[in-house]
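Hi everyone, thanks for coming. I'd like to walk you through one chain today, so please have a look at the screen.

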Amino acid sequence: MRLSSTAPRTVLAAGALVGLQGLVALVFTVLLLVRGLSGDSELGTNVFGEAAYFAVLAAGVLACAGGLLIGKTWARSPSVVLQVLLLGVAWYAIGPSGRPLYGVPVAVLSLVTLVLLFRPATNLWAQGEEPQ
């Protein structure tokens with residue numbers, strides 16, 4: 001099944017990776033809600049606000065993924081911004097937080113996605129040109 005007749009494979013692959021990031025954010029949101037509903041006193045009263053915040057972020061990331069998968073050029077720029085932000089998160093997880101088991105996979109996934117979003121075929125597609 002082909003999702004888009006105009007988007008190159010690099011865009012579709014980037015869309016799949018961004019979608020994976022969105023699904024992880026959605027799972028994190030659900031886990032926050034479950035933990036908040038369980039009455040865990042460590043989390044305080046802001047857990048539902050935090051869950052709502054992550055739900056909005058997850059929806060935005062999933063919208064970008066969907067845009068890439070159906071071949072919409074508008075989804076490329078926010079996806080690039082997302083990857084750059086996630087690289088910062090990964091750096092903080094690897095270094096100051098001392099959590100390389102979380103940071104390294106995030107960094108690798110973000111770098112791979114950035115490479116896909118800047119491949120020559122993707123650049124031509126974003127400019128509305130056909131690869132030669």
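Let me start with a small puzzle: in which helix is the place of Val 104? The answer is helix α4.

Before we go further, a word on the source: this is a predicted model, where local features need pLDDT of at least 70, side-chain atom pairs count only at pLDDT 80 or more, and totals for chains, interfaces and linings use all residues. Residues are numbered from 1 along each chain as its sequence is written, and side-chain values use heavy atoms, with hydrogens and water left out.

Now the overall picture. The chain has five helices and zero strands, giving the pattern α-α-α-α-α along the sequence. Helices here are DSSP runs of H or I with at least four residues, strands are runs of E with at least two, and both are numbered from the N terminus. The C-alpha atoms fill a box of roughly 60 × 30 × 20 Å along the principal axes.

Of the 132 residues, 33% count as buried. Buried means under 20% relative accessible area, exposed means over 50%, and partly exposed is in between, using a 1.4 Å probe and protein chains only. About 8,200 Å² of the chain is exposed, with 69% of that supplied by carbon and sulfur atoms; the areas come from the Shrake-Rupley method with a 1.4 Å probe, and for residues only the protein chains shown count as cover.

What does the record add? In an unreviewed UniProt entry, the annotation "transmembrane region" covers residues 12-31, 51-70, 77-94 and 100-118. UniProt positions follow the numbering used here, feature names are shortened, and annotations may be inferred rather than shown by experiment. In the model, residues 12-31 are 100% helix and 0% strand, with end C-alpha atoms 29 Å apart. Residues 100-118 are 95% helix and 0% strand, and their end C-alpha atoms lie 26 Å apart.

Back to Val 104. Is Val 104 buried or partly exposed? Val 104 is partly exposed, because its relative accessible area is 40%. Val 104 joins Ile 94, Val 108 and Val 112 in a nonpolar surface patch, with about 290 Å² of accessible area together. Patches are made of residues with over 30% relative accessible area and no salt bridge, joining like charges within 9 Å and nonpolar side chains (Val, Leu, Ile, Met, Phe, Trp, Tyr) within 5 Å. A salt bridge, for the record, is a side-chain nitrogen of Lys or Arg within 4 Å of a carboxyl oxygen of Asp or Glu. Helix α4 (residues 100-117) gives the largest share of the patch, three residues.

Next, the two domains. The assignment gives domain 1 (10-72) and domain 2 (73-119), with bounds from an automatic or database domain assignment. Their C-alpha centres lie 15 Å apart, and 14 residues of domain 1 are in contact with 16 residues of domain 2. Contact means heavy atoms within 4.5 Å.

Now look at Gln 83, in helix α3 (residues 76-94). Why does Gln 83 count as buried? Because its relative accessibility is 0%. Leaving aside residues up to four places away in sequence, Gln 83 touches several residues, including Val 18, Gln 21 and Leu 109.

Finally, Thr 29 sits in helix α1 (residues 9-37) and is buried because its relative accessibility is 5%. With the same sequence neighbours left out, Thr 29 touches Ala 51, Phe 54 and Ala 55.
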